[in-house]
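Me: Please take a close look at one helix in this model and at what surrounds it. I would like a single connected account that begins with the helix and then moves outward.

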Amino acid sequence: MNTKSILKNIDISDDTYIVVGVSAGPDSMALLDMLQKETNAKIVCAHINHNVRKSSNLEQKYLEEYCKNNNLIFECYKIEKYNQNNFENEAREKRYHFYEKILKKYNSHSLFLAHHGDDLTETILMKIIRGSNLEGYAGIKMYSKLENYTIIRPLLSLTKEDIIKYNQKNNIKYFIDETNNNKLYTRNRYRLTILPLLKKEDKKVHLKFLKYSKKSSVNCPVLLK
């Protein structure tokens with residue numbers, strides 16, 4: 001995989017600092033590695049310790065050491081408790097609030113996230129089944145322009161399999177979130193049951209969903225996170 005081809009159309013020349021959301025999973029560790037190789041900006045690794053798994057503290061410690069060894073800035077937010085019944089929604093709210101705080105701290109306007117093509121496919125399917133508006137049906141966008149910053153997702157043309165291969169080739173250590181196999185979560189059910197069926201029909205089905213997403217985004221110019 002050529003990292004230059006993944007990042008070639010992304011202009012971050014105006015930013016001295018860029019913020020990267022890093023969980024220590026395979027997707028965000030691959031993105032972090034690509035950005036280290038292809039950008040001259042100072043990288044801020046923004047990590048959220050959701051504090052719900054035994055391995056959460058281990059992942060935080062590893063990332064802190066990784067950043068120290070690679071001359072990256074490490075920023076961490078450890079969530080002590082959750083107040084809402086919907087864990088996924090509350091975790092998302094806390095996550096973006098933290099990102100926005102870090103972007104403001106470093107006067108950065110670029111937030112990089114490691115969503116990939118499989119994530120996009122799952123999201124569009126979930127939106128269609130649940131019902132949404134035109135913007136919602138576009139799923140995850142490569143660029144989401146907000147008032148003070150832009151969310152950039154360079155990995156949408158890649159699958160999880162592509163990312164795992166990249167990590168193996170480049171000897172990148174990562175952690176696996178064991179809750180990804182828990183079918184109590186809606187996204188996991190799509191990932192574990194529906195997505196494999198689609199890939200049997202077309203191994204590169206994610207690219208068709210990406211094309212659909214881009215067309216939907218053109219028809220709906222207001223981009224939200």
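**A helix and its surroundings**

Reply: In this predicted model, the exposed residues Leu 58, Lys 61, Lys 68 and Asn 69 are carried on the face of α3 that is turned away from its buried side. The buried residues of the helix are Ser 56, Glu 59, Gln 60, Tyr 62, Leu 63, Tyr 66 and Cys 67. Because these buried residues cover an arc of only 165° around the axis, they lie on the same side of α3. The elements that cover them include the helix α2 (26-38) and the strands β2 (42-49) and β3 (73-78).

The length of the helix can be checked in a simple way. Helix α3 comprises the 14 residues 56-69, which at 1.5 Å a residue should span 20 Å; the C-alpha atoms at its ends are 20 Å apart, so the two values agree. Just after the helix, Asn 71 adopts a positive phi of about 60°.

One of the buried residues of α3, Cys 67, invites a question of bonding. A disulfide is a covalent bond between the sulfur atoms of two cysteines. With a cut-off of 2.5 Å between cysteine sulfur atoms, the count of disulfides comes to zero. For Cys 45, the closest cysteine sulfur is that of Cys 67, and the distance of 3.8 Å is too far for a bond. Cys 67 is accordingly in no disulfide, its nearest cysteine sulfur being that of Cys 45 at 3.8 Å. Both cysteines are nevertheless hidden from the surface: Cys 45 counts as buried because its relative accessibility is 0%, and Cys 67 is buried with a relative accessible area of 1%.

The two strands that help to cover α3, β2 and β3, belong to an open sheet of six strands with mixed pairing, in the order β3-β2-β1-β4-β6-β5. The edges are formed by β3 and β5 (143-145), each of which has a single partner strand, so one side of each is left without a neighbour in the sheet. From one strand to the next, the twist averages 25°. Helix α2, which is also part of the cover over α3, packs on this sheet, where it touches β1 (17-21), β2 and β4, and its direction makes about 160° with that of β1.

At the edge formed by β5, that strand runs antiparallel to β6 (residues 150-152), and three bridges join the two. One bridge partner in β6 is Ile 151, which is matched with Ser 144.

Strand β4 (residues 110-112) includes Ser 110, which is buried with a relative accessible area of 6%. Apart from its neighbours within four places in sequence, Ser 110 is in contact with Ile 12, Asp 15, Ile 18, Val 19, Leu 103, Thr 150 and Ile 152.

The loop between α4 (87-105) and β4 holds Asn 107, a residue other than glycine whose phi is positive, near 50°. Asn 107 counts as exposed, at 58% relative accessibility. Asn 171, in the loop between α7 (160-169) and α8 (186-201), likewise has a positive phi, of about 55°, although it is not a glycine. Asn 171 is exposed, with a relative accessible area of 72%.

Note on methods
Residues numbered from 1 in each chain as written. Predicted model: local features only at pLDDT ≥ 70, side-chain atom pairs only at ≥ 80, totals over all residues. Heavy atoms only, no water. Helix = DSSP H or I, 4+ residues; strand = E, 2+ residues; numbered from the N terminus. Expected span 1.5 Å × (residues − 1). Buried < 20%, exposed > 50% of the residue type's maximum accessible area, 1.4 Å probe, protein only. Arc of directions from axis to C-beta. Contact = heavy atoms within 4.5 Å. Pairing = 2+ DSSP bridges. Axes fitted to C-alpha atoms, helices over the stretch in contact; angles between N-to-C directions.
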